[in-house]
Amino acid sequence: MATNNVNDKPLLGTEVKANNISDDNKEGFKVPQNNAFGQTFRDYNAHSDRKDIVEEFYRLNHINQSVDFVNQMREKYGKLDRTEMSIWECCELLNEFIDESDPDLDEPQIEHLLQTAEAIRKDYPNEDWMHLVGLIHDLGKVLLHPKFGELPQWAVVGDTYPVGCAFDESIIHHKYFKDNPDYNNPKYNTKNGIYKEGCGLNNVLMSWGHDDYMYMVAKENKTTLPSAALFIIRYHSFYPLHKCGAYKHLMNEEDEENLKWLHTFNKYDLYSKSKVRIDVEKVKPYYLSLIDKYFPAKLKW
Ligand SMILES: O[C@H]1[C@H](O)[C@@H](O)[C@H](O)[C@@H](O)[C@H]1O
Ligand SMILES: [Fe+2]
Ligand SMILES: [Fe+2]
């Protein structure tokens, strides 16, 4: 079983509730019907230029994400001995990457980070920690960079799911798991696998990618962000849970609480993907002030 560090940040106070949008947000974020290509969001069967790229991405992802692979990656990248840089420097590094797993967006990642953060800011002007989560939630995609060993896309992006127990049917393109080494392993292919019911997600090994990596970076560099923020960063790609309700039997009470915030966050992560460009220079000073509030000037990566 994975022995991850336990989140030791306090839960958010009861005065702030997920889904509690202030009344004076007439200028609030409007959920669009269609993505940047005029299609409904997360439609993995819609015929578009991206369909085949995305499907091939998941084929490779599902064949390769196994318990052994995840343990190796956690061990290797958990050392955080690759480089030192600020949060903003990392945002800039992401400018050159396009995410092959994403049916909704083919813009450089820095656009997506700012679109998400700005959309949250419209509806939750006082939750500055959530704005910052919007900005940093995908920074783990820096694993694609040559400085980080240039991991293949299937080891960095896409939806995530637990390994060490049966792969749930709700996972996109589930059929490709049949070539995963864990698929026929009786230790790993039952409902609970190596876990105990209610053990808490902190004890569950997730497929390796940008979520878990960024969680490690934030935590090990001693961010002062609240526990809900770390949870969002760590599980925002866990669509089988937060969209389909799979794997709930592995959650504990704290996970239930944090999941409410993840649901709120997801609306902005997903539906802010559009062709609306953000003026980076204009919003940069605000985000630099948030980074300064919640992170050290330089982080270990
Ligand atoms: O294609 C997307 C994208 O890579 C996101 O960053 C990730 O969080 C999603 O879960 C994934 O499906
Ligand atoms: Fe992501
Ligand atoms: Fe995202």
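The questions and answers below concern a predicted model of a protein with a ligand.

Q: How many helices and strands does the protein have?
A: From the N terminus on, the elements run α-α-β-α-α-α-α-α-α-α-α-β, an order that closes on a strand. Counted by type, the protein has 10 helices and 2 strands.

Q: Why is the protein said to be as compact as a globular protein of its length?
A: The globule rule gives 19 Å for 301 residues, and this is the value with which the model is compared. The protein comes close to that value and is therefore as compact as a globular protein of that length, its radius of gyration being 18 Å.

Q: Is Gly158 buried or exposed?
A: Gly158 lies in the loop between helix 5 (128-136) and helix 6 (210-220), and leaving aside neighbours within four places in sequence, it is in contact with Phe57, Tyr58, Asn61, Ser101, Gly209 and Ser237. A residue counts as buried if 20 or more other C-beta atoms lie within 10 Å of its own. Because Gly158 has 27 other C-beta atoms within 10 Å, Gly158 is buried.

Q: Which residues does Ser237 touch, not counting those up to four places away in sequence?
A: Ser237 lies in the loop between helix 7 (227-235) and helix 8 (239-242), and with 24 other C-beta atoms within 10 Å it is buried. Outside the excluded stretch of sequence, the residues that Ser237 touches are Gly158, Asp159, Thr160, Gly209 and Asp211.

Q: Which residues surround ligand 1?
A: By class, the shell around ligand 1 has 2 nonpolar, 4 polar and 4 charged residues. Gly158 and Ser237 are among the residues around the ligand, and the UniProt record, in an unreviewed entry, lists both under "binding site". The residues around ligand 1 are Asp99, Ser101, Asp102, Asp138, Val157, Gly158, Asp159, His236, Ser237 and Tyr239.

Q: What covers the buried residues of helix 7?
A: Helix 7 is mostly covered, with 8 of its 9 residues buried, and among the buried ones are Leu230, Phe231, Ile232 and Ile233. What covers these buried residues includes helix 5, helix 6, helix 8 and helix 9 (253-271).

Q: Is Gly245 buried or exposed?
A: Gly245 is found in the loop between helix 8 and helix 9, and its C-alpha atom is separated by 9.1 Å from that of Ser170, 75 residues apart along the chain. A residue counts as exposed if 12 or fewer other C-beta atoms lie within 10 Å of its own. Because Gly245 has 10 other C-beta atoms within 10 Å, Gly245 is exposed.

Note on methods. Residues are numbered from 1 along each chain as its sequence is written. Chains are lettered from A and ligands numbered from 1 in the order in which they are written. This is a predicted model: local features need pLDDT of at least 70, side-chain atom pairs count only at pLDDT 80 or more; totals for chains, interfaces and linings use all residues. UniProt positions are given in the numbering used here, feature names are shortened, and annotations may be inferred rather than shown by experiment. Helices (H or I, at least four residues) and strands (E, at least two) are DSSP runs, numbered from the N terminus. Two residues are in contact if their C-beta atoms, placed from the backbone, lie within 7 Å. A residue is near a molecule or strand if its C-beta atom, placed from the backbone, lies within 6 Å of it. Ala, Val, Leu, Ile, Met, Phe, Trp, Tyr, Cys and Pro count as nonpolar, Asp, Glu, Lys and Arg as charged, and the others, Gly among them, as polar. The radius of gyration is taken over C-alpha atoms; the globule rule is 2.2 Å times the number of residues to the power 0.38.
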